[in-house]
Amino acid sequence: MQLEKSSQRGEWSGSVPTAVDVRVLGLVVATAGLAASVNIPYGGVSFAIVAFVVLAAGGIGVHLLGERQLRRITDGLVERWVEAGGEIESVTRSSDGMRTEWTVHTARGDVVVGGVALAPITKLTIEWQGMDDTMDASDAEENLDRLADGLYTEIFEIGSATQRA
């Protein structure tokens, strides 16, 4: 089934909030600190400080790029679901900065979309009713229409049939 536009629209406001993962940022800073400390015997303290700044900035940039990719995918999924007639109430961050994930509140239940946000190895995870699926974010972004179609069928069509039974 192809997603088709419907006259029925959900209440979604059209925005997906940012969701920076403090745990990933802590890992980036700790790794940069460890890598920079190895440089002290070879290049001195000043070289280690420069190495730390470069590595930490690069790691933070990589995390922000991964978060942006996951946010684009989440936005694309929700947008396609609304166009197909899915009832989306809202999209919120799932936690207080400790995960890169969003909860999509639907009439059929909550769908959690998130993953590991470190470009270029960003992983997307989608969880609904205790079942989850993980894939490369780049593959999900390339096949977003097919992914949205399959999830729409599972959540809004099959999900409603199993809830009635």
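A residue counts as buried when its relative accessible area is under 20%, as exposed when that is over 50%, and as partly exposed in between, using a 1.4 Å probe and protein chains only. By that yardstick, buried residues make up 36% of the 165 residues in this protein.

Before going on, a word about what you're looking at: this is a predicted model, where local features need pLDDT of at least 70 and side-chain atom pairs count only at pLDDT 80 or more, while totals for chains, interfaces and linings use all residues. Residues are numbered from 1 along each chain as its sequence is written, and side-chain values use heavy atoms, leaving out hydrogens and water.

**The overall layout**

The protein has four helices and five strands. Here, helices (H or I, at least four residues) and strands (E, at least two) are DSSP runs, numbered from the N terminus. Walk along the sequence and you get the pattern α-α-β-β-β-β-β-α-α. A contact means heavy atoms within 4.5 Å. Take the contacts between residues at least 6 apart in sequence: 60% of them join residues at least 24 apart. The accessible surface comes to about 9,200 Å², and 56% of it belongs to carbon and sulfur atoms; such areas come from the Shrake-Rupley method with a 1.4 Å probe, and for residues only the protein chains shown count as cover.

**Two helices side by side**

Helix α1 (residues 22-38) packs with helix α2 (residues 40-83) at an angle of about 160 degrees, and their axes are 7 Å apart. That makes α1 roughly antiparallel to α2. The axes are lines fitted to C-alpha atoms, for helices over the stretch in contact, with angles running from 0 to 180 degrees between N-to-C directions. Angles over 145 degrees count as roughly antiparallel, under 35 as roughly parallel, 65 to 115 as roughly perpendicular and the rest as oblique.

Who meets whom? On the α1 side, the residues include Val24, Leu25 and Val28, and on the α2 side they include Phe52, Leu55 and Ile60. Sorted by class, this contact has 17 nonpolar, four polar and no charged residues. Nonpolar covers Ala, Val, Leu, Ile, Met, Phe, Trp, Tyr, Cys and Pro; charged covers Asp, Glu, Lys and Arg; the others, Gly among them, are polar.

**Four residues to look up**

| Residue | Where it sits | Relative accessible area |
|---|---|---|
| Ala19 | segment before α1 | 1%, buried |
| Glu101 | strand β2 (residues 101-106) | 18%, buried |
| Gln129 | loop between β4 and β5 (131-136) | 51%, exposed |
| Pro120 | loop between β3 (109-116) and β4 (123-128) | 79%, exposed |

Start with Ala19. Not counting residues up to four places away in sequence, Ala19 touches Glu67, Arg93, Arg99, Thr100, Glu101 and Trp102. Ala19 and Thr100 are 81 residues apart in sequence, yet their C-alpha atoms are 5.0 Å apart in space.

Glu101 shows up in that list, so to speak, from the other end too: leaving aside neighbours within four places, Glu101 is in contact with Ala19, Thr92, Arg93, Ser94, Val112, Val113 and Gly114.

Now for the loops. What kind of peptide bond joins Ala119 and Pro120? It's a cis one, with omega at about 5 degrees. The C-alpha atom of Pro120 is separated by 8.5 Å from that of Leu65, and the two residues are 55 apart along the chain. Gln129 has its own quirk: a positive phi of about 50 degrees, although Gln129 is not a glycine.
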